[in-house]
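Reader: I'd like to learn how to read a structure like the one below. Can you walk me through it?

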Amino acid sequence: APPVSALPPVVGADLRVPLVTGGDVPYANLDHAASAPCLEAVRDAVDAVLPWYASVHRGAGLLSQASTRIYENARATVRRFVDAPPDHDVVFTRNTTDAMNLVAAVLPVGTVVVTFDTDHHAALLPWAGRRVRRVRAPRTRGEAVAALEAELSGLVADGDRVAVVLTAASNVTGELWPVAELAEVSRRHGALSVLDAAQWAPHRPVSVSELGVDFLAFSGHKAYAPFGCGALTGPARLLRSAPPYLRGGGASALVESVGADLRVTWAAGVERQEAGTPNVVGAHALAVACETLSGHWRGVAEHEDRLAGALREGVAAVPGVRPLRLFDDATPSVGVVSFGVDGIDPGLLAAALSAEYGIGVRDGAFCAHVATERLLARAGVGGGRAVRVSVGLGATEEHVDRLLAALRAVVASGPAWSYAQRDGRWVP
Ligand code: PMP
């Protein structure tokens, strides 16, 4: 195992939190799947770039030119990070949700959208106004490929244009979908593929070129950059020919006023889908996070696999705890583990882990209600809500050990403190 210092450090690693039972402990951030802590390298890079802060593209001044260069360098870095082919554009978005909604806006008219029903809501819901075919997620990865094949054969026989939405890694179970195979099936049927890489891009190298997907989206805040910037890559021919997703300054090459009417010619380049003043600092932060991760993939994977392995094994061994799984066959995973528990409300369990042990986890249905409810029912737990634990660069072995000890104690004997429900959450 590499020494932990070989990993890029994150900010806030020395944060201590008070316990309701007295004293304080180092905060155990086991909620990386929601948002990961910012890398120190990213914080320093943001600090260094702030003096160069000026609006991009439009200004003639030195700062504006510098800012434009920083922004376009960030685009080139993200392109390298996802290994996008030359005929693809990289568009900066707010996050994965924004990116998916942008895809929904640029898909050719009449495109039928195929999704698996266990996807995150960001992949399930942006397709309003289009025909959507929701495929029931099968029990093995092999069946997923066969199910998509069957679905596409029917649609293509009807002459439909199709876009297939794929998830790289489940935000509920961390399991990896067979993306390359699913993308190959899509391609063979002439369908576009759209990959939600929100839970994958921060953890393993991703290559648009090798996977052969058409669109790929991910969020900076899950990849160790701050909130507010994500990216979408996709074919330039689609992104530059569709009407702008947002209309306004920046996206318009030419606005002519004719009486009360505005005649608009939209920009021909990537800026067509980036209306408004862009998030230069966010793009730079995202790019530095990408670059830093790229230099540490081996260490990142070893660290996460070690923690995730201990977590999975430890959680499964706690009596009454029921881990959730999408697939019955052995499936590679990233460091996300969700479970239901017999006899204790997940919200109460999460509150006790926070208040009595200084551990941050998530409870609920994780914006993937179909998946969470189905997998809980399959595991024999009612209620439709689970607890999710997720690791990454801000998590340590001590955090995982503490979580497992806390879980054993709370599940066996209940919380040590008393809690009340307020506004739907448990509070000490
Ligand atoms: N897809 C997956 C798999 C996710 O886990 C998330 C975040 N929970 C999203 C999409 C949406 O990401 P964001 O909230 O950053 O838009």
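Reader: Let's start small. Leaving out residues up to four places away in sequence, which residues does Val-172 touch?

Author: This is a predicted model, so keep that in mind throughout. To read a contact list, skip the sequence neighbours and see what's left. Here Val-172 touches Leu-324, Ser-338, Phe-366, Ala-368, Ala-371, Thr-372 and Leu-375. Take Thr-372 from that list: Val-172 and Thr-372 are 200 residues apart in sequence, yet their C-alpha atoms are 6.9 Å apart in space.

Reader: Where does Val-172 lie, and is Val-172 buried or exposed?

Author: Val-172 is in the loop between strand S7 (162–167) and helix H6 (179–188). For burial, you count neighbours: 20 or more other C-beta atoms within 10 Å makes a residue buried. Val-172 counts as buried because it has 27 C-beta neighbours inside 10 Å.

Reader: OK, zooming out. How is the protein divided into domains?

Author: Domain 1 is written in two pieces, 4–30 + 297–427, and domain 2 covers 42–294. Their C-alpha centres lie 30 Å apart. The contact takes 31 residues from domain 1 and 29 residues from domain 2.

Reader: Which elements supply the domain 1 side of that contact?

Author: Helix H10 (297–316), strand S14 (336–341) and helix H12 (369–379) each supply at least two residues there. H12 gives the most, with five residues. Sort that side by class and you get 20 nonpolar, six polar and five charged residues.

Reader: And how do I read a nonpolar core? Which residues have the most contacts inside the largest one?

Author: Look for buried nonpolar residues that link up with one another, then ask who has the most partners. The largest core here has 130 residues, and Leu-286 and Ala-289 have the most contacts inside it. Helix H9 (residues 280–294) gives the most to this core, with 10 residues. The core also draws at least three residues from each of domain 1 and domain 2. As for Ala-289, leaving aside neighbours within four places in sequence, its contacts are Leu-39, Val-42, Gly-220, Ala-223, Tyr-224 and Ala-225.

Reader: Now the ligand. Which residues come nearest to it?

Author: With a ligand, list the surrounding shell, then pick out the nearest members. Of the 14 residues around this ligand, Asn-95, Thr-96, Thr-97, Asn-171 and Ser-219 come nearest. By class, the shell has four nonpolar, nine polar and one charged residues. Helix H3 (96–106) and helix H4 (121–124) each supply at least two residues of the shell.

Reader: Is H3 mostly covered or mostly open?

Author: Mostly covered: 10 of the 11 residues of H3 are buried. Thr-96 and Thr-97 are among them, and both are also listed among the residues that come nearest to the ligand. To see what does the covering, check the contacts of the buried residues. The cover includes strand S4 (88–93), H4, strand S8 (192–196), strand S9 (215–219), strand S10 (230–235) and helix H8 (236–239).

Reader: Last one, for the overall picture. How many helices and strands are there, and how do I judge the overall shape?

Author: There are 13 helices and 19 strands. For shape, compare the radius of gyration with what the globule rule gives: 23 Å against 22 Å for 428 residues, which is close, so the protein is as compact as a globular protein of that length. The C-alpha atoms fill a box of roughly 75 × 55 × 45 Å along the principal axes. Of the 428 residues, 47% count as buried. Among contacts with a separation of 6 or more, 72% come from residues 24 or more positions apart.

Technical notes:
Residues numbered from 1 in each chain as written. Predicted model: local features only at pLDDT ≥ 70, side-chain atom pairs only at ≥ 80, totals over all residues. Near = placed C-beta within 6 Å. Helix = DSSP H or I, 4+ residues; strand = E, 2+ residues; numbered from the N terminus. Nonpolar A, V, L, I, M, F, W, Y, C, P; charged D, E, K, R; others polar. Core = buried A, V, L, I, M, F, W, Y, C linked by C-beta atoms within 7 Å. Buried ≥ 20, exposed ≤ 12 C-beta atoms within 10 Å, placed from the backbone. Domains from an automatic or database assignment. Contact = placed C-beta atoms within 7 Å. Rg over C-alpha atoms; globule rule 2.2 N^0.38 Å.
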